[in-house]
Amino acid sequence: MDTQCLPVLLLLLLLGASVPHLSRGLPEEDIPKEDGVLVLSHHTLSVALREHPALLVEFYAPWCGHCQALAPEYSRAAALLAAESAPATLAKVDGPAEPELTKEFGVTEYPTLKFFHDGNRTHPEEYTGPREAESMAEWLRRRVGPSATLLEDAEGAQALRDARDVVVIGFFQDLQDDDVSTFLALARDALDMTFGLTDQPKLFETFGLTKDTVVLFKKFDEGRADFPVDEELGLDVGDLSRFLVTHSMRLVTEFNRQTSPKIFAARILNHLLLFVNQTLAPHRELLAGFGEAAAGFRGQVLFVVVDVSADNDHVLQYFGLQAEAAPTLRLVNVETTKKYSWAGGEPITSASVAAFCHAVLHGEIKPYLLSQEIPPDWDQRPVKTLVGKNFEQVAFDETKNVFVKFYAPWCSHCREMAPAWEALAEKYKDREDVVIAELDATANELEAFTVHGFPTLKFFPAGPGQKVIEYTSARDLETFSKFLDRGGELPEEAPTEEPTAPLPELLTNSTMGSKEEL
């Protein structure tokens with residue numbers, strides 16, 4: 001730069017004048033795109049944040065299966081927004097290739113999606129909604145535009161109600177009230193519902209209202225549910241959220257790929273499942289009584305129908321059932337994962353279904369645990385095979401040091417460590433006081449503890465007290481051996497904890513978690 005120009009530039013800056021070249025910083029780089037999605041690096045992120053005030057960024061890894069599954073939906077979401085000229089942009093960052101960015105934004109698993117608003121780099125909002133194109137696009141629409149439609153007349157209200165199966169309208173006498181802000185904030189994330197609001201007295205009259213009320217309209221069951229706003233306490237977002245989730249669900253929901261995400265988003269902990277074969281008329285006749293019983297447990301128990309003739313083998317496996325067991329009932333608490341079995345012996349009717357629910361809720365029925373049968377040759381190989389029925393007898397044998405791998409057949413981390421585990425068992429096979437074992441934790445449940453990830457490794461040292469030591473170090477023969485030789489103590493130089501695969505969401509169609517760790 002010509003030094004003679006410096007005094008002029010300094011004078012302009014002191015006077016508050018805008019100097020375009022300096023205010024922009026470096027010249028804008030040409031950011032590449034793939035399938036309508038910006039491809040960012042640590043060099044171009046700042047440019048993208050400056051140029052795009054509503055920017056959703058996916059941190060992905062090329063090897064991540066969940067990222068690969070997301071890619072077409074993510075590109076389609078970008079296309080949907082571009083087609084309607086929405087002021088929102090989608091971008092992506094190759095996490096392993098950009099360690100500076102993954103560290104800056106605390107990315108620990110893939111894919112991770114973060115939303116940057118108005119160039120705010122320090123406090124991005126994490127996207128945790130459904131990974132479907134329309135859901136991602138709608139989530140962004142509700143951040144760059146209104147999350148609810150302002151209704152002026154009955155025609156507008158009717159048109160909104162006609163458009164979707166579930167529509168929520170907030171009737172507020174004063175649109176400047178804090179309750180309106182609460183309502184709109186909730187609407188930003190409730191993507192499976194359409195929202196409207198109004199302050200028009202004629203609409204209050206049309207729908208028989210005299211005070212502020214949130215009304216959920218639906219094209220099924222009772223058709224309408226009202227949530228009056230407390231005149232003293234105002235609108236509580238937690239109470240309203242629970243109300244909307246509870247009343248937006250059908251009294252009876254058939255389990256499939258489309259409904260499973262909503263079933264688990266309902267935050268109703270107790271799920272009652274009716275297993276039937278929908279191709280058989282006698283089974284279909286049971287649905288009426290099942291539905292009649294559901295009304296008395298709304299908000300307490302979620303009623304779900306599982307068709308054993310459809311692609312629901314994973315659900316049957318979770319409950320330890322065969323398709324031939326239908327018709328039957330199972331109740332599960334999705335928080336504790338405790339399962340309760342229908343005794344049978346009587347027809348499945350509205351009365352018997354209600355009686356079963358009451359018995360479980362009142363603690364009159366004990367939960368059951370899944371267990372495979374003990375294999376005849378369970379102790380013939382170096383790696384012993386444990387199931388629910390022989391676990392405690394082996395693991396808590398006071399004369400043995402027992403090292404157990406809890407695995408899932410589909411878990412890649414488990415498969416990777418299998419050779420080291422076999423080698424460990426071979427090395428100690430002649431030690432009478434050491435047992436190396438494994439248990440399929442997807443088919444066997446234990447009363448002592450719950451397995452939350454795979455593989456989980458636990459050491460049960462000899463002696464009284466049923467002591468349990470969690471192993472979280474390197475999964476190699478040398479470190480395993482040092483751990484055993486030290487009686488369950490890790491060497492000081494042991495590497496840090498290795499990744500595990502999360503337990504799949506109960507009853508979902510996926511066979512693995514939805515993210516992969518770095």
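# A walk through the predicted model

Asn444 is buried, with a relative accessible area of 3%, where buried stands for under 20% relative accessible area, exposed for over 50% and partly exposed for what lies in between, computed with a 1.4 Å probe on protein chains only. The structure is a predicted model, in which local features need pLDDT of at least 70 and side-chain atom pairs count only at pLDDT 80 or more, while totals for chains, interfaces and linings use all residues. Residues are numbered from 1 along each chain as its sequence is written, and side-chain values use heavy atoms, with hydrogens and water left out.

Asn444 sits in the loop between β20 (434-440) and β21 (453-454); helices (H or I, at least four residues) and strands (E, at least two) are DSSP runs, numbered from the N terminus. From this loop, the side chain of Asn444 reaches the backbone nitrogen of Gln372 at 2.7 Å and the backbone nitrogen of Gly388 at 3.0 Å. Each of these is a polar contact, that is, a pair of N or O atoms within 3.5 Å, of which, within protein, one must be able to donate a hydrogen and the other to accept it, and for which residues adjacent in sequence count only if both atoms are side-chain atoms. When neighbours within four places in sequence are left aside, Asn444 is in contact (heavy atoms within 4.5 Å) with Leu370, Ser371, Gln372, Val387, Gly388 and Leu439.

Another buried polar residue is Lys339, with a relative accessible area of 0%, which lies in strand β17 (residues 339-341). Leaving aside its neighbours within four places in sequence, Lys339 is in contact with Tyr318, Phe319, Leu331, Val332, Pro367, Tyr368 and Glu445.

The next topic is charge pairing. Side chains of opposite charge can pair when their charged atoms come close. The structure holds 26 salt bridges, each being a side-chain nitrogen of Lys or Arg within 4 Å of a carboxyl oxygen of Asp or Glu. In one of them Lys389 pairs with Glu373, the closest N and O atoms being 2.6 Å apart. This pair links distant parts of the chain, 16 residues apart, with Lys389 in the loop between β18 (383-386) and α16 (391-395) and Glu373 in the loop between α15 (350-361) and β18. Lys389 counts as partly exposed at 49% relative accessibility, whereas Glu373, at 58%, counts as exposed.

A further salt bridge joins Glu422 to Arg381, with the closest N and O atoms 3.1 Å apart. Here, too, distant parts of the chain are linked, since Glu422 belongs to helix α17 (residues 412-427) and Arg381 to the loop between α15 and β18, 41 residues apart. Glu422 is partly exposed at 35% relative accessibility, and Arg381 is partly exposed with a relative accessible area of 33%. The side chains of Arg431 and Asp433 also meet in a salt bridge, at 2.9 Å from N to O, and elsewhere salt bridges that share partners join Glu84, Glu134, Glu138, Arg141 and Arg142 into one network.

What, then, of the nonpolar interior? A nonpolar core is a set of buried Ala, Val, Leu, Ile, Met, Phe, Trp, Tyr and Cys residues joined through side-chain atoms within 4.5 Å. The largest such core has 22 residues, and those with the most contacts inside it are Val168, Phe183, Phe195, Val214, Leu235, Leu240 and Leu244. Two or more residues come from each of β9 (166-171), α8 (178-187), β10 (194-198), β11 (213-218), β12 (224-228) and α10 (237-248), with the largest share, 4 residues, coming from α8. Leu240 shows how parts of this region meet, for beyond its neighbours within four places in sequence Leu240 is in contact with Phe183, Leu186, Val214, Phe227 and Leu235.Empty space is the last topic. Rolling a probe the size of a water molecule over the atoms shows where empty space is left. On a 1 Å grid over the protein atoms alone, a cavity is a set of points where a 1.4 Å probe fits but cannot get out, and lining residues have an atom within 4 Å of a point. The count comes to 1 cavity of 30 Å³ or more, and the largest cavity has a volume of about 70 Å³, a volume being the space filled by probe spheres set on grid points that are joined across faces, edges and corners. Among the residues that line the largest cavity are Thr246, Met249, Ile268, Arg298 and Phe303, and strand β15 (residues 301-307) gives the most to this lining, with 3 residues.

Key: On a 1 Å grid over the protein atoms alone, a cavity is a set of points where a 1.4 Å probe fits but cannot get out, and a pocket is an open set with protein on both sides within 12 Å along at least five of seven lines; lining residues have an atom within 4 Å of a point.
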